[in-house]
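Please look through the structure shown here together with the paragraphs that follow, which go from one region to the next.

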Amino acid sequence: MRIINYILATGLGTGFSPVAPGTAGSILAVLVLYFVPPFSPWLLLAILFVLFWIGVYTGGELEKELGEDPSIVVIDEVVGMGISLLFIPHDWRLFLIAFALFRLFDILKPPPVDQSQQLPGGLGIMIDDVLAGIYALAGVHILRWLFF
């Protein structure tokens, strides 16, 4: 079970990237969602819901072993990035904007993103990226409405 926790929590190993593991996890989500044939955003939402709870569990398990919010845990970035792509057309420009906004909000952590990290265990690992993903999603939709 331990190896499965590592595979899932590290975003299929992208969390082991020696440089910017969170960005590597985000890129994984963008590439998968861009190159997989488009499907229902409601199905994506359901998948992200399941991945969120998998991340709460696996992130919490790795945190027990490696300390608070280990950098190799990137399932939170995968979920947050997926959220930022909900209900947007399959357009590389919008995917790029979503990626940039998600990384910006994930790094800057505007309120309440920063405060949400204080939640215990895997929930604290996951929720800040969910909120950053929601901010990015709103930003993408606003930019899409204004410019596309």
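Two residues are said to be in contact when heavy atoms of theirs lie within 4.5 Å. The model to which this is applied here is a predicted one.

With that definition in hand, we can begin at Glu 63, whose place is in helix 3. If residues up to four places away in sequence are not counted, Glu 63 touches Glu 68, Asp 69 and Pro 70, and also Gly 121, Gly 122 and Ile 125. One of these residues, Asp 69, offers its backbone nitrogen, which lies 2.8 Å from a polar atom of the side chain of Glu 63. Is Glu 63 buried or exposed? A residue counts as buried when its relative accessible area is under 20%, and Glu 63, at 17% relative accessibility, is therefore buried. The C-alpha atom of Glu 63 is separated by 8.7 Å from that of Val 73, a residue ten places apart from Glu 63 along the chain.

Further along the chain we come to helix 4, which spans residues 75-84. This helix is mostly covered, for ten of its ten residues are buried, among them Ile 75, Asp 76, Val 78 and Ile 83. What do the buried residues of helix 4 pack against? They pack against helix 1 (2-9), helix 2 (21-35), helix 3 (41-66), helix 5 and helix 7 (121-147).

Of these packings, the one with helix 5 can be followed in detail. The axes of helix 4 and helix 5 (residues 92-108) come within 9 Å and cross at roughly 130°, and the two helices are therefore oblique to each other. Their crossing is right-handed. On the side of helix 4 the contact is made by Glu 77, Gly 80, Met 81 and Ser 84, while helix 5 contributes Ala 98, Phe 99, Phe 102, Arg 103 and Asp 106. Sorted by character, the residues of this contact divide into four nonpolar, two polar and three charged.

The last stop is Ser 26, which is found in helix 2. When its neighbours within four places in sequence are left aside, Ser 26 is in contact with Glu 77 and Met 81, as well as with Phe 99, Phe 102 and Arg 103; Glu 77 and Met 81 belong to the helix 4 side of the contact described above, and Phe 99, Phe 102 and Arg 103 to the helix 5 side. Ser 26 has 0% relative accessibility and therefore counts as buried. Within helix 2, the side chain of Ser 26 reaches the backbone oxygen of Gly 22 at 3.0 Å.

How values were computed: Residues are numbered from 1 along each chain as its sequence is written. This is a predicted model: local features need pLDDT of at least 70, side-chain atom pairs count only at pLDDT 80 or more; totals for chains, interfaces and linings use all residues. Side-chain values use heavy atoms; hydrogens and water are left out. Axes are lines fitted to C-alpha atoms, for helices over the stretch in contact, and angles run from 0 to 180 degrees between N-to-C directions. Helices (H or I, at least four residues) and strands (E, at least two) are DSSP runs, numbered from the N terminus. Angles under 35 degrees count as roughly parallel, over 145 as roughly antiparallel, 65 to 115 as roughly perpendicular and the rest as oblique. A crossing is left-handed if the near helix is turned anticlockwise from the far one by less than a right angle, and right-handed if clockwise. Ala, Val, Leu, Ile, Met, Phe, Trp, Tyr, Cys and Pro count as nonpolar, Asp, Glu, Lys and Arg as charged, and the others, Gly among them, as polar. Buried means under 20% relative accessible area, exposed over 50%, partly exposed in between (1.4 Å probe, protein chains only). A polar contact is a pair of N or O atoms within 3.5 Å; within protein, one must be able to donate a hydrogen and the other to accept it, and residues adjacent in sequence count only if both atoms are side-chain atoms.
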